[in-house]
Amino acid sequence: GQVIDCTGTAGGNALPGTACNDNNPNTGNDTWNSNCQCIGQLAQEIDCAGVAGGTAVQDECGNCWSANIIVVPAPDSDGDGVIDCEDYCPDTYNTIQQDFDGDGVGDPCDNCPWVYNPDQENTTGSISGDACQQMPTGIDEVDSEHALVFMPNPTLGQVGVRCTIPGARSLRFHDATGRLAHLASIEHQMDLEFLLPGVYIVVALDAEGRPLAQTRLVRQ
């Protein structure tokens with residue numbers, strides 16, 4: 001008579017030592033054993049490159065490495081050349097990776113780039129995070145309805161200024177100690193190279209010198 005193979009088929013080819021499929025994605029080189037059990041002979045997990053028993057491993061950034069060759073690269077969502085796990089702003093193009101306050105959130109996407117606030121909490125829904133809502137002078141930070149913006153900020157000295165605060169005529173710059181460092185009329189372009197590196201509170205004043213609102217400027 002004919003030999004019954006491991007699947008119960010007379011004259012079949014599913015014999016001990018021949019290939020089979022144990023339906024376990026974490027094993028490879030599956031074969032029938034002497035007890036007609038289909039098992040993965042390697043009994044090893046598939047590596048990150050999809051090879052059963054392979055040696056490729058994934059690092060903390062999502063790279064799949066095999067013999068020092070990247071098999072599967074880590075994502076770079078914003079295309080700035082810095083992979084997401086190392087990017088201070090993974091969804092915002094920022095090749096320089098500036099993080100003035102050192103909170104792990106890059107300046108372009110930090111809702112308060114001059115105050116350490118890794119949680120980025122913003123309970124009021126305004127243009128800036130809670131950490132920047134109140135300044136030492138007690139004057140409210142500029143809200144989302146109006147704007148007092150320096151570009152770039154942080155700056156090396158030359159800045160463009162956009163101010164839509166009604167009645168604003170001049171700007172008063174205070175250093176971190178509260179000392180008046182500079183007073184000037186609002187211009188579309190300003191040269192602040194004479195300011196020492198540091199964080200400045202900038203107060204917008206009306207024609208009578210009354211404070212209207214404030215923001216911050218970082219001089220690098």
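The exercises below walk through a predicted model of one protein chain.

Residues are numbered from 1 along each chain as its sequence is written. In this predicted model, local features need pLDDT of at least 70 and side-chain atom pairs count only at pLDDT 80 or more, while totals for chains, interfaces and linings use all residues; side-chain values use heavy atoms, with hydrogens and water left out.

**Exercise 1. The chain as a whole**

Task: State how many helices and strands the protein chain holds, and what share of its residues is buried.

Solution:
- Step 1. Start with the terms: helices (H or I, at least four residues) and strands (E, at least two) are DSSP runs, numbered from the N terminus.
- Step 2. Count them: the protein chain has zero helices and 12 strands.
- Step 3. Turn to burial. Buried means under 20% relative accessible area, exposed means over 50%, and partly exposed lies in between (1.4 Å probe, protein chains only).
- Step 4. Of the 220 residues in the protein chain, 38% are buried.

**Exercise 2. The four-stranded sheet**

Task: Give the strand order of the open sheet and name its edge strands.

Solution:
- Step 1. Recall how sheets form: strands pair through backbone hydrogen bonds, either parallel or antiparallel.
- Step 2. Apply the rule for pairing: DSSP must find at least two bridges between two strands.
- Step 3. Read off the order, which is β9-β8-β11-β12, with antiparallel pairing.
- Step 4. Find the edges. β9 (180-185) and β12 (211-219) each pair on one side only.
- Step 5. Add the twist: neighbouring strands of this sheet are turned by 20° against each other on average, direction ignored. Here axes are lines fitted to C-alpha atoms, for helices over the stretch in contact, and angles run from 0 to 180 degrees between N-to-C directions.

**Exercise 3. Strand β8 and its neighbours**

Task: Describe how β8 pairs with β11 and with β9, and say whether β8 is mostly covered or open.

Solution:
- Step 1. Take β11 as one neighbour. Five bridges join β8 (residues 170-174) to β11 (residues 198-205), and the two run antiparallel.
- Step 2. Match residues across this pair. Arg-172 has Val-203 as its bridge partner in β11, and His-174 has Ile-201.
- Step 3. Take β9 as the other neighbour. Five bridges join β8 to β9, again antiparallel. Phe-173 has His-182 as its bridge partner in β9.
- Step 4. Look at the connection: β8 and β9 form a hairpin with five residues between them, and Gly-178 in the turn has a positive phi of about 95°.
- Step 5. Check the cover. Four of the five residues of β8 are buried, so β8 is mostly covered.

**Exercise 4. The aromatic pair**

Task: Find the one aromatic pair and explain why it is called tilted.

Solution:
- Step 1. Know the description: a pair of aromatic rings is described by the distance of the centres and the angle of the planes.
- Step 2. Set the limits. Rings of Phe, Tyr and Trp (its six-membered ring) pair if their centres lie within 6.5 Å; planes under 30 degrees apart are stacked, over 60 edge-to-face, and the rest tilted.
- Step 3. Apply them. The rings of Phe-150 and Phe-173 have centres 6.2 Å apart and planes at 55°, so the pair is tilted.
- Step 4. Place the partners. Phe-150 lies in β6 (residues 148-151) and Phe-173 in β8, so the pair ties together parts 23 residues apart in sequence. Both Phe-150 and Phe-173 are buried.

**Exercise 5. Salt bridges**

Task: List the three salt bridges and pick out the network.

Solution:
- Step 1. Use the cut-off: a side-chain nitrogen of Lys or Arg lies within 4 Å of a carboxyl oxygen of Asp or Glu.
- Step 2. Asp-175 bridges to Arg-179, with the closest N and O atoms 3.1 Å apart. Asp-175 counts as buried because its relative accessibility is 13%.
- Step 3. Asp-206 meets Arg-210 at 2.8 Å, N to O. Asp-206 is buried too, at 11% relative accessibility.
- Step 4. Arg-210 also bridges to Glu-208, with the closest N and O atoms 3.1 Å apart. Glu-208 counts as exposed because its relative accessibility is 58%.
- Step 5. Join the shared partners: Asp-206, Glu-208 and Arg-210 form one network.
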